Amino acid sequence: MNVLHVTKYGYTEIKGGIETFIEQLTKIDRNEVNIRILATSNSSYLKNHGNVEFYFLKRIITIFSNPIPLLNIKFIRECYEWADLIHYHYPWPIADILNIIFNKKTPYLITYHSDIVRQKNLKKLYLPIMLFFFRGAKKVVFTSKIYYKNSDFRKFHSNNYAIIPIGISKYKIKSSVKELYLPKNFFLFLGVLRYYKGLHVLLKSVIKTNIQVVIAGDGPEKKSLLRYKEEMNLDNVIFVGTVTENEKYYLIKNCDALVFPSIERSEAFGISLIEALSYGKPLITTNIGTGTNFININNVTGISVEPNNSNKLKIAMENFLKNKEFQKKNEINAFKRYKRYFTCNKMKKQYLNLYRKVTNN
């Protein structure tokens, strides 16, 4: 079957959680599925990457985290007419509108990655379009049951859903990794530096301590975080910037634990968490009622603390440094949990079965 993914960005250009998830899905059995991706870029163009065809629409402007593309009618029609199934990645209100304009009869499903958290007033205006979009879907997929239970979707459209956790293949580290000058023991944050990641809480938690923290990634909060680091003389915090896949997993392999101090439900899942589990690394997360609570089980695969509490975060990190037996137990459980729930093969099988059901109905 021909499956069209409609999403904000292509993983060849931007590598956030949703893009990494879609990239993993492209590893689905190619004897069963052909894949195209319709996304936005700085210009309008076609690109082949491996066995995947990308159709990029030129971004005119980005408003409230939503890229607004120039509608290349030829590209869009070609994609929609080609598809046997359309796989939308929510939230991106432009996709809802594209579906209304261009999709006449093709069945579609939606992966619900996150609630709309910040733009609450605009969301009220968007609600009628969202409801129409969701009611037409054959299935809405959530990445964890806990996120479904706490989501806006449940209020409006509670029955037509499925739960499929995100899965990844374990990455094999190549021998050549540039020297990153890492401390002997350190806690790692990995991801885009956004407001909801709670990194200001992480920095506050290590003031006047010997706890070493490495922050890998870039994003809109970087300047303010670097300014805070300088103001508070945080020599124990190292920003390494954007890293390659190889460097990322080298950091994961060598850290004591991955720290994810998120403060908002915008953090719906956290692929970095399962990347850490795949290397048997314990996690420190916050209890925000999202997929992070499903991935990390308190005192089993790591520690879960209340959000926006720098003291609790500090105590959690100290616990790993002081109690190596506790750390070892969590490392063993972390890898077991990855194998049980979060492998790429498990996710691919579940989506392929869903694709078959949707197109056969």
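At the start of helix α12, a side-chain oxygen of asparagine 309 comes to within 3.2 Å of the backbone nitrogen of asparagine 311. The model is a predicted one, and in it α12 has the length a helix ought to have: its 13 residues (310-322) should span 18 Å at 1.5 Å a residue, and the end C-alpha atoms do sit 18 Å apart. Ser310, Leu313, Ala316, Met317 and Phe320 of α12 are buried. Viewed down the helix axis, these buried residues fall within an arc of 125°, so they line one face of α12. That fits the usual pattern, since an α-helix has 3.6 residues a turn and residues three or four places apart therefore point the same way.

Turning to the pockets, the second largest holds about 230 Å³ of space. It is lined by 15 residues, and those closest to its centre are Glu23, Gln24, Lys27, Tyr171 and Glu245. Helices α1 (17-25) and α9 (245-254) each contribute at least two residues to this lining. Sorted by class, the lining comprises seven charged, four polar and four nonpolar residues.

A few spots in the backbone are out of the ordinary, given that most peptide bonds are trans and most residues other than glycine have a negative phi. The bond from tyrosine 90 to proline 91 is cis, with omega near 10°; proline 91 lies in the loop between β6 (85-90) and α3 (93-102). Asparagine 233, in the loop between α8 (222-231) and β12 (237-241), has a positive phi of about 55° and counts as exposed at 60% relative accessibility. Asparagine 299 also has a positive phi, about 65°. This residue lies in the loop between α11 (291-295) and β15 (302-305) and is partly exposed, with a relative accessible area of 39%.

Conventions:
Residues are numbered from 1 along each chain as its sequence is written. This is a predicted model: local features need pLDDT of at least 70, side-chain atom pairs count only at pLDDT 80 or more; totals for chains, interfaces and linings use all residues. Side-chain values use heavy atoms; hydrogens and water are left out. Helices (H or I, at least four residues) and strands (E, at least two) are DSSP runs, numbered from the N terminus. The expected span of a helix is 1.5 Å times one less than its number of residues. Buried means under 20% relative accessible area, exposed over 50%, partly exposed in between (1.4 Å probe, protein chains only). The arc is that of the directions from the helix axis to the C-beta atoms. A polar contact is a pair of N or O atoms within 3.5 Å; within protein, one must be able to donate a hydrogen and the other to accept it, and residues adjacent in sequence count only if both atoms are side-chain atoms. On a 1 Å grid over the protein atoms alone, a cavity is a set of points where a 1.4 Å probe fits but cannot get out, and a pocket is an open set with protein on both sides within 12 Å along at least five of seven lines; lining residues have an atom within 4 Å of a point. Grid points are joined across faces, edges and corners, and a volume is the space filled by probe spheres set on the points. Ala, Val, Leu, Ile, Met, Phe, Trp, Tyr, Cys and Pro count as nonpolar, Asp, Glu, Lys and Arg as charged, and the others, Gly among them, as polar.
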